[in-house]
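Q: Please take a close look at one part of this structure and describe it for a reader who has not met it before. Where a term depends on a cut-off, please state the cut-off.

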Amino acid sequence: ADSLMRALIHRAERSRPVLDLFSHVAETVLHDPNSPLRNDEYYIPILETLIESPLLDEYDKIVPAYDLNIALKNRIGHIATDFVYTLANGRTGRLHDIRADYVILLFSNPGCPMCRGIIDELTASPLISELSELGRVEVLNVYPDTDLNAWRDYLSELPTEWINSYDRGTILTNEHLYNLSAIPSLYLLDSTKRVLVKDGTDVAMIENIIAISEANR
């Protein structure tokens, strides 16, 4: 996939208008949060090639460079960035200190219909519920924004068995530790906090990856 993407963009480099059109299409298909084909692993070689292209000046490369910096974080197969989360009682914890075979990391907001849908799908999943009861799956739900009154009201709607937390000081956003341009955002991590699913919204994919992993145990 990497070599194919690089070959396509090198062909597009024959002229600036063609390159601009190709990069726009790539961003829409591979980077837009609403695209079903969104895929950082395909988008990364395109961004790298854009940054190297002699057809773009330094100003033109600012946005691709920023997008590349974000895309390179928390890649599938890599260890997820550790961070501190805060509970309603003020206690804190770290992502990497959670002990479970799988960690489902969910970034969500109060009043977000899609977040509500994902929460309902996770709680309705027989596989996730069973492994959660056995202590093998932990769900870390993180509120990444600043309206803590709304978040505290939201807590009553969340499963009590989850780790429901917020990002004190909005460090995740301010330091760009995770791509939070679109909420909700789902990650699946294994016991070593290696990323199995990145920045998704598909609970069925989470279930499938867990099921495949369980079959190979």
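A: Helix α3 (40-52) and strand β7 (195-200) each contribute at least two residues to the lining of the largest pocket. Helices (H or I, at least four residues) and strands (E, at least two) are DSSP runs, numbered from the N terminus. The model is predicted, and local features need pLDDT of at least 70, side-chain atom pairs count only at pLDDT 80 or more, and totals for chains, interfaces and linings use all residues. Residues are numbered from 1 along each chain as its sequence is written, and side-chain values use heavy atoms, with hydrogens and water left out.

The volume of the largest pocket is about 620 Å³. The lining comprises 22 residues, and those closest to the centre of the pocket are R38, K198, D199, G200 and T201. A pocket here is an open set of points on a 1 Å grid over the protein atoms alone, where a 1.4 Å probe fits and protein lies on both sides within 12 Å along at least five of seven lines; lining residues have an atom within 4 Å of a point. Points are joined across faces, edges and corners, and the volume is the space filled by probe spheres set on them. Strand β7 provides the largest share of this lining, five residues. Sorted by class, the lining holds ten nonpolar, five polar and seven charged residues. In this scheme Ala, Val, Leu, Ile, Met, Phe, Trp, Tyr, Cys and Pro are nonpolar, Asp, Glu, Lys and Arg are charged, and the others, Gly among them, are polar.

T201, one of the residues closest to the centre of the largest pocket, also has a distant sequence partner to consider. The C-alpha atoms of T201 and G117 are separated by 9.7 Å, although their positions lie 84 residues apart along the chain. G117 belongs to helix α5 (residues 113-124) and counts as partly exposed because its relative accessibility is 27%. Buried means under 20% relative accessible area, exposed over 50%, and partly exposed in between (1.4 Å probe, protein chains only).

Helix α3 itself has 13 residues and spans 18 Å from its first C-alpha to its last, close to the 18 Å expected at 1.5 Å a residue; the expected span is 1.5 Å times one less than the number of residues. Its buried residues are D40, Y43, I44, P45, I46, L47, T49 and L50. N39 caps the N-terminal end of this helix, with a side-chain oxygen 2.8 Å from the backbone nitrogen of E41.

Helix α3 also leads to a second opening. The second largest pocket holds about 240 Å³ of space. It is lined by 15 residues, and S23, L50, D60, V63 and P64 lie nearest its centre. The elements giving two or more residues to this lining are α2 (16-31), α3 and α4 (62-71). Among these, α2 gives the most, with five residues. By class, this lining has eight nonpolar, two polar and five charged residues. L50 thus appears twice in this account: it is buried in α3 and lies among the residues nearest the centre of the second largest pocket.

The backbone offers further details in the loops that adjoin some of these elements. Most residues other than glycine have a negative phi, and most peptide bonds are trans. K193, in the loop between β6 and β7, has a positive phi near 70°. K193 counts as buried because its relative accessibility is 2%. N74 lies in the loop between α4 and β1 (84-86), and its phi, near 55°, is likewise positive in a residue other than glycine. N74 is counted as buried because its relative accessibility is 4%. A cis peptide bond, with omega about 10°, joins I183 and P184; P184 sits in the loop between α8 (171-174) and β6.

Strand β6 (residues 185-190), which follows in this account, pairs with strand β3 in the antiparallel sense over six bridges, where pairing requires at least two DSSP bridges between the strands. Strand β3 (residues 102-107) is mostly covered, with six of its six residues buried. Y102, I104 and L106 point one way from it, and V103, L105 and F107 the other way. L106 has L186 as its bridge partner in β6. On β4 (residues 137-143), which pairs with β3 in the parallel sense over six bridges, L106 stands opposite N141.

Note on methods: A polar contact is a pair of N or O atoms within 3.5 Å; within protein, one must be able to donate a hydrogen and the other to accept it, and residues adjacent in sequence count only if both atoms are side-chain atoms.
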